[in-house]
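Biologist: I'd like a close look at a single part of this model, together with whatever sits around it. Please pick one stretch and stay with it, then work outwards to the rest of the chain.

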Amino acid sequence: TLTKNSIVQVDAQPFKQWYLKKYGVDLGKKGKKGSKEDPEKKEEPEKKSGHVIAKLKGRAAKQKLDPVIEDQFQSGRLLACIASRPGQSGHCDGYVLEGEELTFYKKKLEKKKKA
């Protein structure tokens, strides 16, 4: 049963797509930024205007992502908390866990798996 303040796992794909569009960084790749890519698999980059490129550079300079959240993106699942009361329609609002709250619930889930 979904209730308020329940911790749930959600699919990371919509968040990856938003992050790629907003910051120009693909979160699903396991390789680091400086790694070599296969020449056969190179795709043609999207054509972008100078204004869009400048925006992405500005955002990329400010963006930093917690390594714990990056690991969750690579696994394809994010931990989230339900902030509203779902009711009869089954629709609920919530937020993705991060920081101390995320580490707390990750520890709780690891304990539960061991027991």
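Modeller: One term before we start: when I say that two residues touch, or are in contact, I mean that they have heavy atoms within 4.5 Å. Also keep in mind that this is a predicted model.

Let me pick helix H3, residues 67–75. To place it, the chain has 4 helices and 3 strands, and along the sequence they run in the pattern β-α-α-α-β-β-α. Buried residues make up 18% of the 115 residues. Of the contacts in the chain with a separation of 6 or more, 67% are between residues 24 or more positions apart.

Now for H3 itself. Which of its residues are buried? They are Ile69, Gln72 and Phe73. They sit on the same side of H3, because the arc they cover around the axis is only 100°. Pro67 and Ser75 are exposed, and they are carried by the face turned away from that buried side. As for what lies over the buried residues, the cover includes H1, E2 and H4.

Let's look at the two ends. Coming in, Asp66 is in the loop between H2 and H3. Asp66 has a relative accessibility of 30%, so it counts as partly exposed. Asp66 also has a partner from far along the chain: Gly99 is 33 residues away in sequence, yet the two C-alpha atoms are 7.7 Å apart. Going out, Gly76 comes just after H3 and takes a positive phi of about 95°. While we're on backbone angles, most residues other than glycine have a negative phi. Asn5 is not a glycine, but its phi is positive too, at about 70°; you'll find Asn5 in the segment before strand E1 (7–11).

Back to the buried side of H3. Ile69 and Phe73 belong to the largest nonpolar core, which has 11 residues. The other members are Ala12, Tyr19, Tyr23, Leu27, Leu78, Leu79, Cys81, Leu97 and Leu102. H1, H3 and E2 are the elements that give two or more residues to this core, and E2 has the largest share, with 3 residues. In general, nonpolar side chains tend to be buried together in soluble globular proteins. Leu97 is a good core residue to click on: setting aside neighbours within four places in sequence, Leu97 is in contact with Ile7, Ile69, Leu79, Ala80, Cys81, Leu102 and Tyr105. Ile69 of H3 is in that list, and Ile69 is one of the buried residues we started from.

H3 also helps to line an opening: the second largest pocket, with about 210 Å³ of space. Which elements give two or more residues to its lining? H3 does, along with E2 and helix H4 (99–114), and H4 provides the largest share, 4 residues. Among the lining residues are Asp71, Gln72 and Ser75, together with Arg77, Leu78 and Leu79. Others in the lining include Gln9, Lys106, Leu109, Glu110 and Lys113. By type, the lining divides into 3 nonpolar, 3 polar and 5 charged residues. Notice that Gln72 turns up here as a lining residue as well as in the buried set of H3, whereas Ser75 lines the pocket and is on the face of H3 turned away from its buried side. Leu78 and Leu79 are in this lining and in the nonpolar core.

Moving outwards, take Gly28, in the loop between H1 (13–23) and H2 (50–62). Gly28 touches Lys16 and Gln74, leaving out residues up to four places away in sequence. Gly28 is partly exposed, because its relative accessibility is 30%. Between Gly28 and Ala12, which are 16 residues apart in sequence, the C-alpha distance is 9.3 Å; Ala12 is a member of the core.

Last stop, Lys22 in helix H1. Apart from residues up to four places away in sequence, Lys22 touches Leu56 and Arg59. Lys22 and Leu56 are 34 residues apart in sequence, but their C-alpha atoms are 7.3 Å apart. With a relative accessible area of 29%, Lys22 is partly exposed.

Conventions: Residues are numbered from 1 along each chain as its sequence is written. This is a predicted model: local features need pLDDT of at least 70, side-chain atom pairs count only at pLDDT 80 or more; totals for chains, interfaces and linings use all residues. Side-chain values use heavy atoms; hydrogens and water are left out. Buried means under 20% relative accessible area, exposed over 50%, partly exposed in between (1.4 Å probe, protein chains only). A nonpolar core is a set of buried Ala, Val, Leu, Ile, Met, Phe, Trp, Tyr and Cys residues joined through side-chain atoms within 4.5 Å. On a 1 Å grid over the protein atoms alone, a cavity is a set of points where a 1.4 Å probe fits but cannot get out, and a pocket is an open set with protein on both sides within 12 Å along at least five of seven lines; lining residues have an atom within 4 Å of a point. Grid points are joined across faces, edges and corners, and a volume is the space filled by probe spheres set on the points. Ala, Val, Leu, Ile, Met, Phe, Trp, Tyr, Cys and Pro count as nonpolar, Asp, Glu, Lys and Arg as charged, and the others, Gly among them, as polar. The arc is that of the directions from the helix axis to the C-beta atoms.
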